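Work through the following exercises with the sequence and the coordinates at hand. Each task is followed by a worked solution.

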Amino acid sequence: MRSTGISTPLRGAAGVAAGALLALTAAAGVASAGGPGGGDGVLRWRPCSGPAQAGFECAVAKVPLDHAAPSGRTIDLAMIRHGAAAPRRRAGSLFFNPGGPGGPGTLGLPELYGKFPQELKDRFDIVSWDPRGVGESTAVRCFDTAAEAAAWHEDVPPFPVGRAHFLTSWMLRPPGPFPARPVRAAPWVRSTG
């Protein structure tokens, strides 16, 4: 690809991200889905089934629901990758977070792959994932049945039209609490550490 001398924000950000990732990868060593809760540590990549995912491979990583209890319950994280375009020059894997909250990488990476600089696509497997509770990863379930969900939503007011409506319809009359669950995923699904 001929360089035009014009730098795009994505190209600059992708270069910075790649540099940071290379430094982190060199310092941290090889990562795997293994260890407590992670099965045998091998991701079994296969061609993705979605029409927009042609040319990509998908896998499922088993991870602990609660990292403080790594031998406890596990959840699945949906993963996607596009192999390095120049396999003989492959330098490793570059993880791409599509942002969010709520951004599924299994959709975001195929949509944005063409915007990555060719140098990155040549040298790296570009990998993304659906964060906890998003997309094809283990879902967060707040209700056991559709009837429970419908009953809870009966008390939710319509979307507020203005400040006065918001104050009277929602803040002063909030719906009842979510039902309790023996094992809830919600405490482990968040945008921070």
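**Exercise 1. Describe the order of helices and strands along the chain.**

Solution. The model is a predicted one. From the N terminus onward, the elements of the chain follow the pattern α-β-β-β-β-α-α-β-α-α. The count is five helices and five strands.

**Exercise 2. Work out the order of the strands in the sheet, and state which strands stand at the edges.**

Solution. Step 1: take the pairs that involve S2. Strand S1 (residues 46-47) pairs with strand S2 (residues 57-64) through two bridges, in the antiparallel sense. S2 is also joined to strand S3 (residues 74-82), by eight bridges and again antiparallel.

Step 2: look at one residue of S2 from both sides. Glu57 has Pro47 opposite it, and Glu57 also stands opposite Arg81 in S3.

Step 3: turn to the other end of the sheet. S4 and strand S5 (residues 124-129) run parallel and are joined by four bridges. Within this pairing, Leu94 has Ile126 of S5 as its bridge partner.

Step 4: assemble the sheet. The five strands form an open sheet with the order S1-S2-S3-S5-S4 and mixed pairing. S1 and strand S4 (92-95) each have a single partner strand and stand at the edges, so one side of each lacks a neighbour in the sheet.

**Exercise 3. Place helix H2 against the sheet and describe the setting of Thr106.**

Solution. Step 1: helix H2 covers residues 105-112 and lies across S3 and S5, at about 10° to S3.

Step 2: Thr106 is found in this helix, H2. The relative accessibility of Thr106 is 5%, so Thr106 counts as buried, the cut-off being under 20%.

Step 3: list the contacts of Thr106, leaving aside neighbours within four places in sequence. They are Gln53, Ala78, Met79, Ile80, Trp129 and Asp130.

**Exercise 4. Find the disulfide, give its handedness, and state which parts of the chain the disulfide ties together.**

Solution. Step 1: the structure holds one disulfide. The disulfide joins Cys48 to Cys58, with an S to S distance of 2.0 Å.

Step 2: the torsion about the S-S bond of Cys48 and Cys58 is about 105°, so the disulfide is right-handed.

Step 3: Cys48 lies in the loop between S1 and S2, while Cys58 belongs to strand S2, so the pair ties together parts 10 residues apart in sequence.

Step 4: both Cys48 and Cys58 are buried.

**Exercise 5. Identify the largest nonpolar core and the contacts of Tyr113.**

Solution. Step 1: the largest nonpolar core has 12 residues. Both cysteines of the disulfide, Cys48 and Cys58, belong to this core. The other members are Phe56, Ile80, Leu94, Phe96, Leu109, Tyr113, Phe116, Leu120, Phe124 and Ile126. The bridge partners Leu94 and Ile126 are thus both listed in the core.

Step 2: with neighbours within four places in sequence left aside, Tyr113 is in contact with Phe56, His82, Gly83, Lys121 and Ile126.

Step 3: there is a second, separate core of seven residues, among them Val63, Ile75, Met79 and Val127. Met79 was met above as a contact of Thr106.

**Exercise 6. State how much of the chain is buried, and how its contacts and exposed area are made up.**

Solution. Step 1: 30% of the 193 residues count as buried.

Step 2: take the contacts between residues at least 6 apart in sequence. Of these, 64% join residues at least 24 apart.

Step 3: the chain exposes about 12,500 Å², and 61% of this area comes from carbon and sulfur atoms.

Definitions and conventions: Residues are numbered from 1 along each chain as its sequence is written. This is a predicted model: local features need pLDDT of at least 70, side-chain atom pairs count only at pLDDT 80 or more; totals for chains, interfaces and linings use all residues. Side-chain values use heavy atoms; hydrogens and water are left out. Two strands pair if DSSP finds at least two bridges between them. Contact means heavy atoms within 4.5 Å. Axes are lines fitted to C-alpha atoms, for helices over the stretch in contact, and angles run from 0 to 180 degrees between N-to-C directions. A disulfide is a pair of cysteine sulfur atoms within 2.5 Å. Buried means under 20% relative accessible area, exposed over 50%, partly exposed in between (1.4 Å probe, protein chains only). Accessible areas come from the Shrake-Rupley method with a 1.4 Å probe; for residues, only the protein chains shown count as cover. A nonpolar core is a set of buried Ala, Val, Leu, Ile, Met, Phe, Trp, Tyr and Cys residues joined through side-chain atoms within 4.5 Å.
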